[in-house]
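Me: I should like to understand how the terms used for a protein structure are justified. Please take me through the reasoning step by step.

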Amino acid sequence: MKENVVSATVFTLLLFLNTCLLNGQLPPGKPEIFKCRSPNKETFTCWWRPGTDGGLPTNYSLTYHREGETLMHECPDYITGGPNSCHFGKQYTSMWRTYIMMVNATNQMGSSFSDELYVDVTYIVQPDPPLELTVEVKQPEDRKPYLWMKWSPPTLIDLKTGWFTLMYEIRLKPEKAAEWETHFAGQQTEFKILSLHPGQKYLVQVRCKPDHGYWSAWSPATFIQIPSDFIMNDTTVWISVAVLSAVICLIIVWAVALKGYSMVTCIFPPVPGPKIKGFDAHLLEVTP
C-alpha cells in the first residue's frame, strides 16, 4: 500500500512537471548584479539584470551582509533607484566596509541566485555631472579675446568640509567637427581658452571626477558662437616666426664667415689716400 502511495505521488509530480514544461513554465533564470554607484560617498545604489522569468510571475529580492558579519539583511529601498535596483540611504551606508550581496529570483517553479558581489563604497563613487555651465566670449580692450567658461559642482556633494575633492575636465569642438578638444581644469570651476576658430559655433561640455572613483557623465552641451573678428592668439604662429627669424640670422652669419674679408670690403670699401696733382714723391727722399 505504501509503495502505491509513493508511486502515485511521483507520477503526480512528473505529470505536473510535464504539464508545466509543455506550457513553457520553468524556474527563473540566473540574475546578475551589473553595477553599483555612489554619487557622494553617503548613499549608493546597485542594479541587476533579471534572467528569464520561466513564463511565470517572478519576484526579486536583494540580500546583503557586511564583511565580518553573519546576519543577512534585505534591501532597504527598492523604489528610489528605479526597476531592478536597491538603494542604500545614509543610515545603511558605511565607508571602508565591504558589502557582500546577491539577488534571489523566485517563481512557482523554483528559485535562482546571482553570484555574490563584493562592494566597497569608497571605490564606486561616480558623481553627477557639473551644473550651470555658462560660456562667454570675452574681448578686453588691452588683452587678447578669449572663451570664458564657468560651472558649479553637483548639488549632492559637499565640498566645504573637505570630505570630497573634485577635479574637472572640459571638452569642446566646432559644431560640425568630429574630434573633441579636451582640457584638464584641475579643481577650479572656471577656465579660459584662447585658440579658437573665428566664425565657428562651438559645443562645450564639462565633467568631474572624485579623488577615488570614476568620471561623471558629460554635462549637457552648451553652444557658443565665436565672432568672425575673433583675434586668435595661436602660439604656433609665434613659434614659426621665431624659428624662421633664427634661420635667417644663421644664414647671414654663415655667409659673412664664408666670404670673410671680401664681404667686409664689399660693404665697407677702403677710403683712398689724398693725392696732389704734380707732386713728385721722390722729393721727400732723404739724400746723404
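The turns below set values from this predicted model against the definitions behind the words.

Me: What makes up the secondary structure of the chain, and how much of the chain is buried?

Reply: The secondary structure comes to 3 helices and 15 strands. Of the 288 residues of the chain, 32% count as buried. The chain exposes about 19,100 Å², and carbon and sulfur atoms supply 61% of that area.

Me: What share of the contacts joins residues at least 24 apart in sequence?

Reply: The share is 62%, taken among contacts between residues at least 6 apart in sequence. Contact here means heavy atoms within 4.5 Å.

Me: Why is N104 called buried?

Reply: The word buried is used under 20% relative accessible area. N104 has 18% relative accessibility, so N104 counts as buried. This residue is found in strand β6, residues 98–107. Leaving aside neighbours within four places in sequence, N104 is in contact with N59, Y60, S61, S111, S112 and F113.

Me: What makes the approach of N104 to T106 a polar contact?

Reply: A polar contact requires a pair of N or O atoms within 3.5 Å, one able to donate a hydrogen and the other to accept it. The side chains of N104 and T106 make such a contact at 3.4 Å, so the distance meets the cut-off.

Me: Why is the pair R49 and E32 called a salt bridge?

Reply: The rule asks for a side-chain nitrogen of Lys or Arg within 4 Å of a carboxyl oxygen of Asp or Glu. In the pair R49 and E32, the N to O distance is 3.4 Å, so the pair satisfies the rule. By this rule the count comes to 8 salt bridges.

Me: What does the salt bridge between R49 and E32 tie together?

Reply: R49 lies in strand β2 (residues 44–49) and E32 in strand β1 (residues 32–37), so the pair ties together parts that are 17 residues apart in sequence. Partly exposed covers the range between the 20% limit for buried and the 50% limit for exposed. R49, with a relative accessible area of 41%, is partly exposed, and E32, at 42%, counts as partly exposed too.

Me: How do you know that D128 and R37 form a salt bridge, and which of the two is buried?

Reply: Their side chains meet at 2.6 Å, N to O, and the limit is 4 Å, so the pair qualifies. The pair links distant parts of the chain, 91 residues apart: D128 is in the loop between β8 (117–120) and β9, and R37 is in strand β1. At 25% relative accessibility D128 counts as partly exposed, whereas R37, at 18%, falls under the 20% limit and is therefore buried.

Me: What makes E69 and R97 a salt bridge, and where do they lie?

Reply: The side chains of E69 and R97 meet at 3.4 Å, N to O, which is within 4 Å, so the term applies. E69 lies in the loop between β3 (59–66) and β4 (73–74), and R97 in the loop between β5 (85–88) and β6, so the pair joins parts 28 residues apart in sequence. E69 is partly exposed at 29%, and R97 is partly exposed at 30%.

Me: How do you know that β9 and β10 are paired strands?

Reply: Two strands pair if at least two bridges are found between them. β9 and β10 (residues 146–152) share 6 bridges in the antiparallel sense, so they count as paired. One partnership joins V135 to M149 in β10.

Me: Why are β9 and β13 called edge strands?

Reply: The open sheet has 3 strands in the order β9-β10-β13, with antiparallel pairing. β9 (131–138) and β13 (190–193) are the edge strands: each pairs on one side only. The twist averages 15° from one strand to the next.

Me: What makes the phi of K41 and of E132 notable?

Reply: Most residues other than glycine have a negative phi. K41 has a positive phi of about 70° although it is not a glycine, and E132, also not a glycine, has a positive phi of about 55°. K41 lies in the loop between β1 and β2, and its 8% relative accessibility is under 20%, so K41 is buried. E132 lies in strand β9; its relative accessible area of 61% is over 50%, so E132 is exposed.

Definitions and conventions. Residues are numbered from 1 along each chain as its sequence is written. This is a predicted model: local features need pLDDT of at least 70, side-chain atom pairs count only at pLDDT 80 or more; totals for chains, interfaces and linings use all residues. Side-chain values use heavy atoms; hydrogens and water are left out. Helices (H or I, at least four residues) and strands (E, at least two) are DSSP runs, numbered from the N terminus. Axes are lines fitted to C-alpha atoms, for helices over the stretch in contact, and angles run from 0 to 180 degrees between N-to-C directions. Buried means under 20% relative accessible area, exposed over 50%, partly exposed in between (1.4 Å probe, protein chains only). Accessible areas come from the Shrake-Rupley method with a 1.4 Å probe; for residues, only the protein chains shown count as cover.
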